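Reader: Please take one part of this model and go through it closely, residue by residue where that helps. I would like one connected account rather than a list.

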Amino acid sequence: MHRFSSRTTVWRSVSFVLPARTSGDCRCWPPSLRRRWLRWSHRPLSRWKRGDRCSQHARRLACTLAPSSPASPSARRRILFMGTPEVARDALEQLVRSLDEPDATAAAPFYVAAVVTQPPAPSGRRRSAALQPSPVHQYAEEVLRVPVYTPGSVRHDEAFLRDIAHQLAPDLVVTAAYGQWLPTRFLHIAPLGTLNIHPSLLPRYRGAAPVQRALLDGVRETGVSIVRSVREMDAGPIVLQERVPVDEEVQAPQLLQQLFLLGARLLAQSILRRAGMERVDNIAEMDALLGTVREQQHAHATHAPKLGKADARLTFCETATRVHNRVRALAGWPGTWVDVQVLPSAGDRLKEPTVLRLKVICTRVVRAEAGAALGVHEVHFCQETQALRFTCDDGSQLDVLQVQLPGKRVMQAREFWNGLRGRALQRLRVPY
């Protein structure tokens with residue numbers, strides 16, 4: 001049964017081979033085929049039920065009626081795209097744009113025929129909130145107008161696996177931050193295999209958080225890898241790689257988006273649009289045509305497990321560079337925070353020190369070298385950089401440029417300092 005996000009109409013059934021951007025004008029068809037199409041397309045909507053013989057006939061008829069020119073979708077190979085978050089949506093958009101770019105030699109032999117994404121989930125902190133489709137789901141439904149599948153578990157959903165294998169029958173699967181483990185029998189469905197866009201230079205940083213772990217380690221260079229998916233996570237042969245320098249101020253969300261966009265563009269331009277790709281029929285022929293496929297050096301593999309709220313606390317027992325890298329790595333979610341203490345001033349109604357939890361948004365290293373320093377727990381406001389200056393236990397210093405109080409908007413350090421009204425500020429002492 002097809003898992004469309006809305007009711008199955010005649011045109012949705014035909015859209016497997018005639019996407020929305022295809023005109024579908026039947027006036028140029030032979031009279032006998034035109035009569036067959038008009039007879040079936042004018043059936044009452046109630047007669048077009050999911051999985052019935054009418055829907056199956058429409059798909060067979062559309063395959064017959066679709067134009068046979070090289071530019072038509074029916075003459076192009078089908079891609080099943082799998083992804084969920086915003087970076088996957090950006091990768092899908094870039095992939096579609098790169099495949100549709102005009103080429104003086106020939107049209108791209110592939111097009112995105114369907115999308116698989118995670119089921120709708122509550123948005124925001126409240127688990128009782130209304131279910132919201134993923135960014136990939138919204139883009140596929142509203143812009144591409146292709147079928148959208150939302151299996152709860154690819155491994156255990158037999159109906160989904162049957163639909164993909166026997167009805168959609170993709171030639172190639174592309175994954176980008178999908179979020180589920182893919183079983184071996186799914187990886188064997190597409191004759192050209194499954195290609196994954198992974199934002200690291202494999203075999204380094206295999207796992208769910210390669211960009212975050214790379215920034216936490218302070219790497220100066222990273223990259224994107226196009227790899228074949230195998231049973232073991234991120235351990236398949238490398239089809240293509242490209243290196244990218246890492247700016248010292250870039251944060252995880254920006255770098256993640258940059259790498260996924262680069263990966264989608266490389267996949268389309270250097271692999272899918274390569275001359276002769278329309279003639280390959282299996283993985284072996286595809287790898288032979290590309291000539292760049294190589295196995296990973298598994299002995300050099302490192303892993304990148306997901307970061308969580310337990311990693312978000314800033315203690316300043318680390319060096320300023322290490323604290324800065326933590327802020328960059330955990331930017332977005334879960335973010336980083338520090339407990340500071342507001343001390344009462346003379347004549348202030350505030351009699352006891354008040355503890356505030358500050359979410360740290362943006363930082364900059366002022367002094368990376370360790371050295372002797374007095375009053376390391378005191379926090380000052382630097383007029384020159386317009387930032388809150390923190391001193392780490394080793395004497396290195398860090399400027400905090402933007403902060404956020406619980407339930408408040410993000411503010412500049414100057415705004416927060418003005419709100420203190422002359423009160424002193426210091427960071428809490430954290431035991432080693």
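**Strand 1 and what surrounds it**

Author: Arg77 lies in strand 1; helices (H or I, at least four residues) and strands (E, at least two) are DSSP runs, numbered from the N terminus. This is a predicted model, in which local features need pLDDT of at least 70 and side-chain atom pairs count only at pLDDT 80 or more, while totals for chains, interfaces and linings use all residues. Residues are numbered from 1 along each chain as its sequence is written, and side-chain values use heavy atoms, with hydrogens and water left out.

Arg77 counts as buried because its relative accessible area is 15%; buried means under 20% relative accessible area, exposed over 50%, and partly exposed in between, with a 1.4 Å probe and protein chains only. Its side chain reaches the backbone oxygen of Glu278 at 3.1 Å. The side chain of Arg77 also makes a polar contact with the side chain of Asp281, at 3.4 Å. A polar contact is a pair of N or O atoms within 3.5 Å; within protein, one must be able to donate a hydrogen and the other to accept it, and residues adjacent in sequence count only if both atoms are side-chain atoms. Leaving aside neighbours within four places in sequence, the residues in contact with Arg77 (heavy atoms within 4.5 Å) include Pro109, Phe110, Tyr111, Asp171 and Leu192, and also Met277, Glu278, Arg279, Val280 and Asp281.

Strand 1 belongs to an open, mixed sheet of seven strands, ordered 5-2-1-6-7-8-9. Two strands pair if DSSP finds at least two bridges between them. The edges are strand 5 (148–149) and strand 9 (238–245), each of which pairs on one side only. At the strand 9 edge, strand 8 (residues 221–228) runs antiparallel to strand 9, joined to strand 9 by seven bridges. Within that pair, Val227 stands opposite Ile238 of strand 9.

After strand 1 (77–83), the loop leading to helix 4 (86–100) holds Thr84. Thr84 has a relative accessibility of 15% and therefore counts as buried. The side chain of Thr84 reaches the backbone oxygen of Tyr178 at 2.8 Å. Beyond neighbours within four places in sequence, Thr84 is in contact with Thr117, Gln118, Ser134, Pro135, Val136, Ala176, Ala177 and Tyr178.

Pro135 and Val136 also take part in a helix contact, where Glu86, Ala88, Arg89, Leu92, Glu93 and Val96 of helix 4 meet Pro135, Val136, Tyr139 and Leu144 of helix 5. By class, the contact has seven nonpolar, no polar and three charged residues. Here Ala, Val, Leu, Ile, Met, Phe, Trp, Tyr, Cys and Pro count as nonpolar, Asp, Glu, Lys and Arg as charged, and the others, Gly among them, as polar. Two packed helices are described by the angle between their axes and the distance between the axes. The axes of helix 4 and helix 5 (residues 135–144) come within 8 Å and cross at roughly 35 degrees. Axes are lines fitted to C-alpha atoms, for helices over the stretch in contact, and angles run from 0 to 180 degrees between N-to-C directions.

Leu92 appears again in the largest nonpolar core, which has 60 residues; Phe81, Leu92, Leu95, Ile197, Leu267, Ile271 and Leu272 touch the most other members. A nonpolar core is a set of buried Ala, Val, Leu, Ile, Met, Phe, Trp, Tyr and Cys residues joined through side-chain atoms within 4.5 Å. Helix 9 (residues 252–272) supplies the largest share of this core, twelve residues. Leu267, setting aside neighbours within four places in sequence, is in contact with Leu95, Val174, Leu195, Ile197, Ile226 and Leu272. Another core, of 23 residues, lies apart from this one and includes Val323, Val338, Met411 and Leu420.

Some backbone details remain. Most residues other than glycine have a negative phi, and most peptide bonds are trans. Ala169, not a glycine, has a positive phi of about 50 degrees. Ala169 sits in the loop between helix 6 (158–168) and strand 6 (172–176), and counts as partly exposed because its relative accessibility is 29%. Leu202 and Pro203 are joined by a cis peptide bond with omega of about 15 degrees, and Pro203 is in the loop between strand 7 (194–198) and helix 8 (210–216).
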